[in-house]
Amino acid sequence: MSSLRLVPTMHDDPHLARHAQVLDALDFVPDVGRTAVVDDGGAVLLVGLGERGTSSTASTRIAFAFAARAIAAGELVVETEDLEADLLQAAAEGIVLGRYSFRGSSRHSGWKPSTLSPSWEAGIAIGEAVCLARDLVNTPPNVMTPDILAESFRVLAIDGGLTATVRDEQWLREEGFGAVLAIGGGSSNPPRLVELEYRGHDGGTDVCLVGKGVTFDSGGNSLKDADGMMTMKSDMAGAAAVAGAMSLLRRFAPRINVRAVLPLVENMPGSTATRPGDVVTARNGLTIEILNTDFEGRVILADALGYAAEANPGAIVDVATLTYAAANALGNRTGAVLGDDSEIARIRTAADRSGEPFWPFPMPSHFAAQLDSDVADVKNFPGAREGRVISAAHFLRRFVPGTVDWAHLDIAGPAWADETYELTTRGGTGFGVRTLLQYLLDRAH
């Protein structure tokens, strides 16, 4: 199908009356995301936006994602005159996300607005950054090793006007990153640590982002079962989300200084892998008793958080596919957020604006006792099954100074999708990119 017009349609739209007979036959009503093709002096794709006056950025994104999936190829002109700037940006995001396929090309080529707008271009850029994160997650784990992921981030930094530094295992050893080295020690693919930086003014670091980057998680010597490993190439989705958000900063040019610390490992079993019961020393000097090597994400984040804190940033936000418990509590479409009240509030505001749901968890102090160790400062495995989202956050809190505002985002559920829905196609979702970008823009001077 070539040269279509896409017309956003609401319940009182005149197109409905003109094509009532055809639309009745198609059982079409202009609810959000419903689509139909009619002949109106040429092919027209109607996409439902719901009742007039009720359109939001969230519903517009979803509607245009459905429209994008309804038309596989061809040139299409989107009638945008009735869309305000924020809805126009959301429409462009929805088109790019709805058309996504792994390693797909031309995700938005052939689609153009009837009126040129910076909002449209901004939406395209945000959608592409989410798709970049999806591509990184969806790449097979024999290809996306820590070294290759580090190189991908370096290229992303060049394209995005960031500075990038890639640290190898020798540097990690010399600088005391015992936690990262412990988790990466069982793999023939050695660990890496990537630092990305964006500078929007002459001052110090305003925000440090930390992203979990486990390129494949077998569980190590605490081996997962076969079913549990099938999607574990997605265990680096936190690092991918951070990198995706960072890649947009030059375009939006906020007056903010942002640094990202991304620990990258492959968690494998073997003669050189960490054993349950081993004790290692983290970058900040705290010792960790590793009782379960499948609770590896918090261990590598311990080193990264301690390192991030050395720059004395205004805030630290970490993003990780950390606990099955988060998905069990919230399902697979909502992320968990824990930490200091100020940063939780900022994250939730950004999430609401970007259309990515996050829900706050409390951090009752008694959960911290689950992490007490007889032989180290802290243990990585709480033992108790209850409240594991909370005990994980308490573990991470040990490595963030109390003087630094902090939020922890657990995206274990929404980072991966087993089915296509709304903006999301099967596989890696890029969840968190839009929230992190909005959070950074909101914090900018």
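Helices, labelled H, are DSSP runs of at least four residues, and strands, labelled E, are runs of at least two, both numbered from the N terminus. With these labels the structure, which is a predicted model, can be described from the whole chain down to single residues.

In its secondary structure, the chain comes to 16 helices and 19 strands. The C-alpha atoms fill a box of roughly 75 × 50 × 40 Å along the principal axes. For 445 residues, a compact globule would have a radius of gyration near 22 Å, and the 23 Å of this chain agrees with that value. Of the 445 residues, 57% count as buried. Contacts that link distant parts of the sequence are frequent: among those between residues at least 6 apart in sequence, 75% join residues at least 24 apart. Towards the outside, the chain exposes about 17,200 Å², of which carbon and sulfur atoms supply 49%.

The largest pocket holds about 860 Å³ of space. It is lined by 33 residues, and those closest to its centre are Met232, Thr323, Tyr324, Ala327 and Ala412. Three elements give two or more residues to this lining: helix H12 (297-309), helix H13 (324-330) and strand E18 (416-417). The largest share, 5 residues, comes from H13. Sorted by class, the lining has 12 nonpolar, 9 polar and 12 charged residues.

Two threonines show how the surroundings of a residue can be read. Threonine 215 is found in strand E9, which spans residues 213-217. Its relative accessible area is 1%, and because buried means under 20%, threonine 215 is buried. Leaving aside neighbours within four places in sequence, threonine 215 is in contact with Pro141, Met144, Thr145, Pro146, Leu149, Met232, Lys233, Met236, Val265 and Glu266. One of these contacts, Met232, also belongs to the residues closest to the centre of the largest pocket.

Threonine 281 is found in strand E11, residues 278-281. Its relative accessible area is 40%, so threonine 281 is partly exposed, a class that lies between the limits of 20% and 50%. Not counting residues up to four places away in sequence, threonine 281 touches Gly176, Gly178, Ala179, Leu286 and Thr287. The C-alpha atoms of threonine 281 and phenylalanine 177 are separated by 7.6 Å, although these two residues stand 104 residues apart along the chain.

Conventions: Residues are numbered from 1 along each chain as its sequence is written. This is a predicted model: local features need pLDDT of at least 70, side-chain atom pairs count only at pLDDT 80 or more; totals for chains, interfaces and linings use all residues. Side-chain values use heavy atoms; hydrogens and water are left out. On a 1 Å grid over the protein atoms alone, a cavity is a set of points where a 1.4 Å probe fits but cannot get out, and a pocket is an open set with protein on both sides within 12 Å along at least five of seven lines; lining residues have an atom within 4 Å of a point. Grid points are joined across faces, edges and corners, and a volume is the space filled by probe spheres set on the points. Ala, Val, Leu, Ile, Met, Phe, Trp, Tyr, Cys and Pro count as nonpolar, Asp, Glu, Lys and Arg as charged, and the others, Gly among them, as polar. Buried means under 20% relative accessible area, exposed over 50%, partly exposed in between (1.4 Å probe, protein chains only). Contact means heavy atoms within 4.5 Å. The radius of gyration is taken over C-alpha atoms; the globule rule is 2.2 Å times the number of residues to the power 0.38. Accessible areas come from the Shrake-Rupley method with a 1.4 Å probe; for residues, only the protein chains shown count as cover.
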